[in-house]
Amino acid sequence: VHMERELRSQPETWREAARIGASRPPLPKEGQRVAVVGCGTSWFMAQSYASLREAAGLGVTDAFAASEAFLGTDRGYDALVAITRSGTTTEVLRLLESVKGRIPTVTVLGDQDTPATELSDEVVALPFADERSVVQTRFATTALALLRAHLGEDLTASVGDAEEALACPVEEEWVDAEQFSFLGTGWTVGLANEAALKMREASQSWTESYPAMEYRHGPISIAAPGRVTWLFGPSPAGLESEVARTGARFVSHGRDPMADLVLVQRVALERARARGLDPDNPRSLTRSVML
Ligand code: F1P
């Protein structure tokens, strides 16, 4: 199973990304107004990075699904950051083509030698984090680790937490649960979206994701015994008790939220196994989605 080997290598690949990220100046530059794009998993990593960059005070940073990013000159972006493991995703290529010569682009990808490379002004390739599985695990988190290191974050504790998330038990209650809702705030909203996607892709699970406080405005209606509400990052006051009243299991760990995503990847893998599914080859999905 590629997914298992790949997800288990994350502490190593994050260490390497932190080394590369810390050794070069932040991309894009401080003060630039930036659009970050991707598709699927890569879009969710774009959401997390956009939130972190803006919170770090480096400038307005917006995340878009590549298919929905209409970056006309009037939007005023100084730079575009694209995230794509394959470098072949149609929507990303179309967008890079459409801004070529107008907005400087930096693309974070798995392999240096891809169609996206030719369309980008600058590329950051992470070949050591590239993957065989259709389902992304380490490329996504390693790309985000690199971008976090660019922002000046020290990832030493995150790497330690990822090791811990790989060593801790996967609870049976999670493997058997009927439904999962993943929640986040700020940069962890993207991680919650990614956790839900991982469970759908690898294990055909019914999962949803929301900004934590939005969950209270309707989605909590389906929380019930046998279902799990999983929060990434700090818990907004009152949320845990509100979920507890529904009978759903509330999960919230103190570890680095990206390391908590590693644990969800393991839950997805175990659920796939329990259902007799091949987690590397999800139904109706290919390694790179092209039109
Ligand atoms: C992104 C993507 C993933 C999806 C699957 C296929 O492609 O669509 O979101 O989960 O892994 O690829 P990419 O642009 O990052 O290669």
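**Exercise 1.** Which residue is the bridge partner of Val-34 in strand 3?

*Solution.* Keep in mind that you're looking at a predicted model. Start with the two strands: strand 1 covers residues 34-38 and strand 3 covers residues 79-84. They run parallel, with four bridges joining them. Now look across from Val-34, and you land on Ala-79.

**Exercise 2.** Work out the order of the strands in the sheet that holds strand 1, and find its edges.

*Solution.* Five strands make up this open sheet, and the order reads 2-1-3-4-5. The pairing is parallel. Next, check the two ends: strand 2 (61-65) and strand 5 (122-125) each have a single partner strand, so one side of each has no neighbour in the sheet. On average, neighbouring strands here are turned by 20° against each other, ignoring direction.

**Exercise 3.** Which strands does helix 4 lie across?

*Solution.* Find helix 4 at residues 90-99. Follow it over the sheet and you pass strand 1, strand 3 and strand 4 (105-109). Its angle to strand 3 is about 160°.

**Exercise 4.** Now do the strand-order job for the open sheet of four strands.

*Solution.* The order is 7-6-8-9, again with parallel pairing. Strand 7 (207-211) and strand 9 (249-252) are at the edges; each has a single partner strand, which means that one side of each is left without a neighbour in the sheet. Neighbouring strands of this sheet are turned by 20° on average, direction ignored. Zoom in on one pair: strand 6 (residues 179-184) and strand 7 are linked by five bridges in the parallel sense. One spot to look at is Ser-181, whose bridge partner in strand 7 is Glu-208.

**Exercise 5.** Describe helix 9: where does it pack, how far does it reach, and is it mostly covered or uncovered?

*Solution.* First, the packing: helix 9 (residues 188-203) sits on the sheet and touches strand 6, strand 7 and strand 8 (227-232). The direction of helix 9 makes about 160° with that of strand 6. Second, the reach: its 16 residues span 22 Å from first C-alpha to last, close to the 22 Å expected at 1.5 Å a residue. Third, the cover: 15 of the 16 residues are buried, so helix 9 counts as mostly covered. Finally, step just past the helix to Gln-204, which takes a positive phi of about 55°.

**Exercise 6.** How many residues surround the ligand, and what classes are they?

*Solution.* Count 17 residues around the ligand. The closest are Gly-40, Thr-84, Arg-85, Ser-86 and Thr-89. Sorted by class, the shell has six nonpolar, eight polar and three charged residues.

Methods
Residues are numbered from 1 along each chain as its sequence is written. This is a predicted model: local features need pLDDT of at least 70, side-chain atom pairs count only at pLDDT 80 or more; totals for chains, interfaces and linings use all residues. Two strands pair if DSSP finds at least two bridges between them. Axes are lines fitted to C-alpha atoms, for helices over the stretch in contact, and angles run from 0 to 180 degrees between N-to-C directions. Two residues are in contact if their C-beta atoms, placed from the backbone, lie within 7 Å. The expected span of a helix is 1.5 Å times one less than its number of residues. A residue is buried if 20 or more other C-beta atoms lie within 10 Å of its own, exposed if 12 or fewer, and partly exposed in between; C-beta atoms are placed from the backbone. A residue is near a molecule or strand if its C-beta atom, placed from the backbone, lies within 6 Å of it. Ala, Val, Leu, Ile, Met, Phe, Trp, Tyr, Cys and Pro count as nonpolar, Asp, Glu, Lys and Arg as charged, and the others, Gly among them, as polar.
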